[in-house]
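Welcome! Let's walk through this structure together, one question at a time.

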Amino acid sequence: MRQDYPDAYRPLCERLGLDQGIPYTPNWSAGADFLEHLVEAVLAGRPAQIIECSSGLSTLILARACERAGSGMVWSLEHGAEYVAATRAALAAYGLQDWATVMHAPLRSTPLGEGTWQWYDLSRLPPMRAGLLAIDGPPGFLQPLSRYPALPMLASRLAPGCQILLDDAGREDERQAVARWRARYPGLEAQALEAERGCVRLLWPGEG
Ligand SMILES: C[S@@+](CC[C@H](N)C(=O)[O-])C[C@H]1O[C@@H](n2cnc3c(N)ncnc32)[C@H](O)[C@@H]1O
């Protein structure tokens, strides 16, 4: 846990009372503006179940937001065992273990109709209908369109009206993933939100 993080994160940390430091990693942690969008989604939408692709600072922020909201449970998919341990330790430092479950989800060969990706093993993720999905992994360097499988793979676990927040949406791969999702799921609404690295909010089709 670090206290020497960029100033951009300080308002969020003060607002959420994260005074013991945060699991911040340069170039890897979600941006402060994206994290602000996650907090708003939790506080305004009060989703009962939240799924996130990749753990870390985002998990701590989501768990704290759930605690503040008084409702919600975070289910975090993390492929790296060392990051599973680090995120669990950060949650424990703030007593937030009951608000988030970090699952070791190794990347597996995942065939979809249009190709095969390395993507999270979902065997530890219980059946659910999540009201919020945060997508910040797997890392983009692993393969083209690394985050594309999120919707095909999690479709059966999303509630109608689920809010989906995609980080790094300014990158070409993420733009293409959004275009493919919209072609595959008619009725999927997409809206760009203000964020330095780009953020797209999608609404899963159906009644909210
Ligand atoms: C973009 S990071 C997302 C981190 C998380 N959402 C957060 O806000 O901290 C995606 C994945 O990269 C991996 N990762 C995190 N830090 C890393 C590092 N310093 N070097 C290599 N991989 C890292 C982890 O497996 C993590 O799930």
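Before we begin, one definition helps: helices and strands here are DSSP runs, with at least four residues for a helix and at least two for a strand, numbered from the N terminus. Also keep in mind that this is a predicted model.

Q: In which strand does glycine 131 lie, and is glycine 131 buried or exposed?
A: Let's place the residue before judging its surroundings. Glycine 131 belongs to strand β6. A residue needs 20 or more other C-beta atoms within 10 Å to be called buried. Glycine 131 has 23 C-beta neighbours inside 10 Å, so the verdict for this residue of β6 is buried.

Q: Which residues does glycine 131 touch, not counting residues up to four places away in sequence?
A: Sequence distance can be a poor guide here, so to speak, as one pair shows: glycine 131 and glutamine 118 are 13 residues apart in sequence and 25 Å apart in space, C-alpha to C-alpha. The touching residues come from other parts of the chain, leaving aside those up to four places away. They are Gly45, Pro47, Ala48, Gln49, Ala159, Cys162 and Gln163.

Q: Which residues touch the most other members of the largest nonpolar core?
A: In soluble globular proteins, nonpolar side chains tend to be buried together. Here the largest nonpolar core holds 59 residues. Helix α3 gives the most to this core, with seven residues. The members that touch the most others are Leu38, Leu62 and Leu133.

Q: Which residues is leucine 133 in contact with, leaving aside its neighbours within four places in sequence?
A: Leucine 133 is one of the core members that touch the most others. Setting its sequence neighbours within four places aside, the contacts of leucine 133 are Ile51, Leu154, Leu158, Cys162 and Ile164.

Q: How many residues of α3 are buried?
A: Helix α3 runs over residues 57–69 and reaches 18 Å from its first C-alpha to its last, close to the 18 Å expected. Its cover includes α2, β1, β2, α4, β3 and β6. Among the buried residues are Leu57, Arg64 and Cys66. Of the 13 residues in α3, the buried ones number ten.

Q: What is the phi of glycine 70, just after α3?
A: We now step off the end of the helix. Glycine 70 comes just after α3 and takes a positive phi, with a value of about 80°.

Q: Why do the buried residues of α4 sit on the same side of the helix?
A: The buried residues of α4 are Tyr83, Thr87, Ala90 and Leu91. An α-helix has 3.6 residues a turn, so residues three or four places apart point the same way. The buried residues of α4 lie on the same side because they cover an arc of only 100° around the axis.

Q: Which exposed residues are on the face of α4 turned away from its buried side?
A: The buried side of α4 has cover that includes α3, β2 and β3. Now turn to the face pointing away from that side. The exposed residues there are Ala81, Glu82, Ala89 and Ala92.

Q: Which residue lies in the loop between α2 and β1 and has a positive phi near 45°?
A: The residue is something other than glycine. With 15 other C-beta atoms within 10 Å, this residue is partly exposed. The residue in the loop between α2 and β1 is arginine 46.

Q: What is the phi of leucine 145?
A: Leucine 145 lies in the loop between β6 and α5. Leucine 145 is partly exposed, since 16 other C-beta atoms are within 10 Å. Its phi is positive, in a residue other than glycine, and is near 50°.

Q: Which residue does a cis peptide bond join to glycine 137?
A: The omega of this bond is about 0°. The partner is found in the loop between β6 and α5. The residue joined to glycine 137 is proline 138.

Q: What distance separates the C-alpha atoms of phenylalanine 34 and glycine 198?
A: Phenylalanine 34 lies in helix α2 and is buried, with 25 other C-beta atoms within 10 Å. Leaving out residues up to four places away in sequence, phenylalanine 34 touches Asp167, Ala195 and Cys199. Although phenylalanine 34 and glycine 198 are 164 residues apart along the chain, their C-alpha atoms are separated by 8.2 Å.

Q: Which residues are the closest to the ligand?
A: The ligand is surrounded by 16 residues. By class, this shell has five nonpolar, nine polar and two charged residues. The closest are Trp28, Ala30, Ser54, Gly56 and Ser58.

Technical notes:
Residues are numbered from 1 along each chain as its sequence is written. This is a predicted model: local features need pLDDT of at least 70, side-chain atom pairs count only at pLDDT 80 or more; totals for chains, interfaces and linings use all residues. A residue is near a molecule or strand if its C-beta atom, placed from the backbone, lies within 6 Å of it. Ala, Val, Leu, Ile, Met, Phe, Trp, Tyr, Cys and Pro count as nonpolar, Asp, Glu, Lys and Arg as charged, and the others, Gly among them, as polar. The expected span of a helix is 1.5 Å times one less than its number of residues. A residue is buried if 20 or more other C-beta atoms lie within 10 Å of its own, exposed if 12 or fewer, and partly exposed in between; C-beta atoms are placed from the backbone. Two residues are in contact if their C-beta atoms, placed from the backbone, lie within 7 Å. The arc is that of the directions from the helix axis to the C-beta atoms. A nonpolar core is a set of buried Ala, Val, Leu, Ile, Met, Phe, Trp, Tyr and Cys residues joined through C-beta atoms within 7 Å.
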